[in-house]
Amino acid sequence: MTNPCLLIVDDEPEMAEYVGDVADGMGFDCVIATSAKDALDLYGIHKPIGIVMDVVMPDMDGIELV
């Protein structure tokens, strides 16, 4: 059985990696996107059970992405 997938969206790669490390320690498989466009692509591929998302991002913010 595989772990549940969590999508992490943050334009700051260091912060996304930190959140991913914490979630990994909680038993999640993590997929990281550093832009809203990447998040849309990855969402369709991985079908995560949850999303941790930054609200303030360039190009498209978290509110627009939702």
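# Report on a three-helix, three-strand chain

Lys37 and Asp41 are both part of helix α2, where they stand 4 residues apart, about one turn of the helix. The structure is a predicted model, in which local features need pLDDT of at least 70 and side-chain atom pairs count only at pLDDT 80 or more, while totals for chains, interfaces and linings use all residues. Residues are numbered from 1 along each chain as its sequence is written, and side-chain values use heavy atoms, with hydrogens and water left out.

## Overall architecture

The chain contains 3 helices and 3 strands. Helices (H or I, at least four residues) and strands (E, at least two) are DSSP runs, numbered from the N terminus. Read from the N terminus, the elements follow the order β-α-β-α-β-α. The chain has a radius of gyration of 11 Å, close to the 11 Å given by the globule rule for 66 residues, so it is as compact as a globular protein of that length. That radius is taken over C-alpha atoms, and the rule is 2.2 Å times the number of residues to the power 0.38. Along the principal axes, the C-alpha atoms fill a box of roughly 35 × 25 × 15 Å.

Of the 66 residues, 29% count as buried. Buried means under 20% relative accessible area, exposed over 50%, and partly exposed in between (1.4 Å probe, protein chains only). Among the contacts in the chain with a separation of 6 or more, 62% are between residues 24 or more positions apart; a contact means heavy atoms within 4.5 Å.

## The surface

The chain exposes about 4,500 Å², of which carbon and sulfur atoms supply 59%. These areas come from the Shrake-Rupley method with a 1.4 Å probe; for residues, only the protein chains shown count as cover. Met15, Tyr18, Val22 and Met26 form a nonpolar surface patch of about 440 Å². Patches are made of residues with over 30% relative accessible area and no salt bridge: like charges are joined within 9 Å, and nonpolar side chains (Val, Leu, Ile, Met, Phe, Trp, Tyr) within 5 Å. Met15, one of the patch residues, belongs to helix α1 (residues 13-25).

## Helix α2 and its surroundings

Helix α2 spans residues 36-46, and its buried residues are Ala36, Ala39 and Leu42. Viewed down the axis of α2, these buried residues fall within an arc of 115°, so they line one face of the helix. The arc is that of the directions from the helix axis to the C-beta atoms. The cover over the buried residues of α2 includes β1 (5-9), β2 (29-33) and α3 (62-65). On the face turned away from the buried side, α2 carries the exposed residues Lys37 and Ile45.

The side chains of Lys37 and Asp41 are joined by a salt bridge, with an N to O distance of 3.1 Å. A salt bridge is a side-chain nitrogen of Lys or Arg within 4 Å of a carboxyl oxygen of Asp or Glu, and the count by this rule is 1. An α-helix has 3.6 residues a turn, so residues three or four places apart point the same way.

Asp38 also lies in helix α2. Its C-alpha atom is 8.6 Å from that of Val9, although the two residues are 29 positions apart in sequence.

## Loops and helix α3

Most residues other than glycine have a negative phi. Lys47, which follows α2, has a positive phi near 50° in a residue that is not glycine. This lysine, Lys47, sits in the loop between α2 and β3 (50-53). Asp59, likewise not a glycine, has a positive phi of about 70° and lies in the loop between β3 and α3.

Gly62 is part of helix α3. Excluding residues up to four places away in sequence, Gly62 touches Met53, Asp54, Val55 and Met57. Gly62 and Asp10 are separated by 52 residues in sequence, while their C-alpha atoms lie 9.1 Å apart in space.

## Accessibility of selected residues

The table gathers the relative accessible areas of residues discussed above.

| Residue | Relative accessible area | Class |
|---|---|---|
| Met15 | 39% | partly exposed |
| Lys37 | 57% | exposed |
| Asp38 | 32% | partly exposed |
| Asp41 | 41% | partly exposed |
| Lys47 | 59% | exposed |
| Asp59 | 83% | exposed |
| Gly62 | 2% | buried |

In the salt bridge of α2, Lys37 is thus the exposed partner and Asp41 the partly exposed one. Both loop residues with positive phi, Lys47 and Asp59, are exposed, whereas Gly62 of α3 is buried.
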